[in-house]
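Please study the sequence and the model displayed here before attempting the exercises. Each task is followed by a worked solution.

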Amino acid sequence: MRWLLIDCAVVLLTCVALGALAYRLFSRVRLVTSEVGKLRDRLAGLTDETAALAGRLDAAEASARLGERASASRSRDDRSWL
């Protein structure tokens, strides 16, 4: 009878320990899941910013090229008068 009580106590303590470990594991999984959601939102924002910056860079490059062409044509025009 005494061994039966000891066995039941060991089984009960083991179940409590496993339950506590499972609770901690699931709380960390929830934490990681929420952090992944935040990172996903941040990534979406950074993707939008990158696209906007790429558009601005393309516009700046096009303006610079047009400026180079205009200055090159002006210098040719200046030389033609000589």
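The exercises below treat the fold, the surface, the charges and the cysteines in turn.

The model is predicted, so local features are reported only at pLDDT of at least 70 and side-chain atom pairs only at pLDDT 80 or more, whereas totals for chains, interfaces and linings use all residues. Residues are numbered from 1 along each chain as its sequence is written, and side-chain values use heavy atoms, with hydrogens and water left out.

**Exercise 1.** Determine how many helices and strands the chain has.

*Solution.* Step 1: apply the rule that helices (H or I, at least four residues) and strands (E, at least two) are DSSP runs, numbered from the N terminus. Step 2: count them; the chain has one helix and zero strands. Step 3: locate helix α1, which covers residues 2-80.

**Exercise 2.** State what percentage of the residues count as buried, and give the accessible surface of the chain.

*Solution.* Step 1: recall the classes, where buried means under 20% relative accessible area, exposed over 50% and partly exposed in between (1.4 Å probe, protein chains only). Step 2: of the 82 residues, 0% count as buried. Step 3: the accessible surface, from the Shrake-Rupley method with a 1.4 Å probe and, for residues, only the protein chains shown as cover, is about 7700 Å². Carbon and sulfur atoms contribute 67% of this surface.

**Exercise 3.** Find the salt bridge of the structure and describe its two residues.

*Solution.* Step 1: the criterion is a side-chain nitrogen of Lys or Arg within 4 Å of a carboxyl oxygen of Asp or Glu. Step 2: the structure holds one such bridge, formed by Glu-35 and Lys-38, whose closest N and O atoms are 3.7 Å apart. Step 3: the two residues are three residues apart in helix α1, and therefore about one helical turn separates them. Step 4: Glu-35 has a relative accessible area of 37%, so it is partly exposed. Lys-38 reaches 53% and is therefore exposed.

**Exercise 4.** Decide how many disulfides the structure contains, and classify Cys-8 and Cys-15 by accessibility.

*Solution.* Step 1: a disulfide is a covalent bond between the sulfur atoms of two cysteines; here the test is a pair of cysteine sulfur atoms within 2.5 Å. Step 2: a search of the whole structure gives zero disulfides. Step 3: Cys-8 has 47% relative accessibility and so counts as partly exposed. Cys-15, at 48%, also counts as partly exposed.
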